[in-house]
Amino acid sequence: MSNIKLDFEPQTFQNVRDFKSDNMKCLVFAYVSLVFLIKLVVCDGGTNQIDKIIDLTWAVDVNPISWPNNKKFMYTRQVEKQNEDGSWYATNEYCSGEHGGTHLDAPYHFYQQGWKVDDIPIERFFVQGVLVDISQEVNDTGRSTQLTIDHLDKWIKEHGSLPNNTVMLIRYGWSQYYSDYDAYMGEGATPNFPGMTPEAARWLVDSKRIIGVGVDTASLDQGNSTTFDVHKILCSHQIYGLENLNIPEDLPAKGFSLVILPMKLKHGTGAAARVIAVPKSMANW
Ligand SMILES: [Zn+2]
């Protein structure tokens, strides 16, 4: 009996010690997990889901950003009157180029066989959204900054593979300049603002996951491009563009869907568009 007891007691003691040690390990593990989780949520906003609808569209106003050789938007107030019976009547007219303000670039813009605005299948406007944000780098190095393959590879490393039927938004942090034409387009005769390299555009094509690319500048190409290689590469693969988006700084890297509704302009090379980010919980596409 005593032997058994002696055998049992050290064993019990050992178990208690193991139990305490295991408990401690659990506590340490829980603590580390919690810290990691907090870091993920607080520091890496890029992986958060959005919980509300976000409008990525600039209001069409009397002086929207447009390409220098495009017709400026003109808004004419035609009638605003109180009728004799006390009722109200108002109507206006506007005239606009296709590529001013927040708008869609149809593939036909730079590819003769490409879809015109009204040819693009409507399913391509209810899509997954991802965001690549290089605004910090642009802030540090200026308006000649380019999005490169390295940025795209880094995004994949941090956030995983791209979903199918994705529109990639690229945030250069340029929306803050939208109301100041010279700051947004660049002073001088040639536009000058950030863009992506042709190699990055080819990377997007080769991913076979991208059906559209949206930017918070006036062009998919860098502002001072004269060859528009990025437009040509994307358009020749039926990838449409979205330009002059208003992309807020808290839009996450993924975890949102997009609704893109361009005016159904017959034969259009581009058209004003409403672009909206919606929570995944509201979107079943
Ligand atoms: Zn355009």
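Good morning. Of the 285 residues in this chain, 36% are buried. The model I am presenting is a predicted one, and its secondary structure amounts to six helices and twelve strands. Among contacts between residues at least 6 apart in sequence, 75% join residues at least 24 apart.

Let me turn to confidence. The mean pLDDT of the chain is 87, with 84% of the residues at 70 or more. Residues 1–16, however, have a pLDDT below 50, and the model gives this stretch zero contacts beyond near neighbours in sequence. A second stretch, residues 34–46, also stays under 50 in pLDDT. For residues 34–46 the model does have seven contacts beyond four places in sequence.

I move now to the interior. In soluble globular proteins, nonpolar side chains tend to be buried together. Here the largest nonpolar core has 60 residues. Which of them touch the most other members? They are Leu104, Val132, Met168, Ile170, Leu204, Val213 and Leu234. Strand 12, residues 270–279, supplies the largest share of this core, namely five residues.

Val132 may serve as an example. Setting aside neighbours within four places in sequence, Val132 is in contact with Leu147, His151, Leu152, Trp155, Met168 and Ile170. Two of these partners, Met168 and Ile170, are themselves on the list of core residues that touch the most other members.

Leu204, also on that list, brings us to helix 5, which spans residues 198–207. The buried residues of this helix are Pro198, Ala200, Ala201, Trp203 and Leu204. Against which elements do they pack? On the strand side, the partners are strand 6 (146–147), strand 7 (166–171), strand 8 (195–196) and strand 9 (210–215). Helix 3 (149–159) and helix 6 (229–235) are the helical partners. Just after helix 5, Lys208 adopts a positive phi of about 60 degrees.

My last topic is a hairpin. Strand 2, residues 74–82, is hardly covered: of its nine residues, the number buried is zero. Strand 2 pairs with strand 3, residues 88–95, in the antiparallel sense, over eight bridges. In this pairing, Thr76 has Glu93 of strand 3 as its bridge partner. Five residues lie between the two strands of the hairpin, and Gly86 takes a positive phi near 90 degrees.

To close, I would set two elements side by side: helix 5, with buried residues that include Trp203 and Leu204, and strand 2, where the count of buried residues is zero. Thank you.

Terms used: Residues are numbered from 1 along each chain as its sequence is written. This is a predicted model: local features need pLDDT of at least 70, side-chain atom pairs count only at pLDDT 80 or more; totals for chains, interfaces and linings use all residues. A residue is buried if 20 or more other C-beta atoms lie within 10 Å of its own, exposed if 12 or fewer, and partly exposed in between; C-beta atoms are placed from the backbone. Helices (H or I, at least four residues) and strands (E, at least two) are DSSP runs, numbered from the N terminus. Two strands pair if DSSP finds at least two bridges between them. Two residues are in contact if their C-beta atoms, placed from the backbone, lie within 7 Å. pLDDT is the predictor's confidence in each residue, from 0 to 100. A nonpolar core is a set of buried Ala, Val, Leu, Ile, Met, Phe, Trp, Tyr and Cys residues joined through C-beta atoms within 7 Å.
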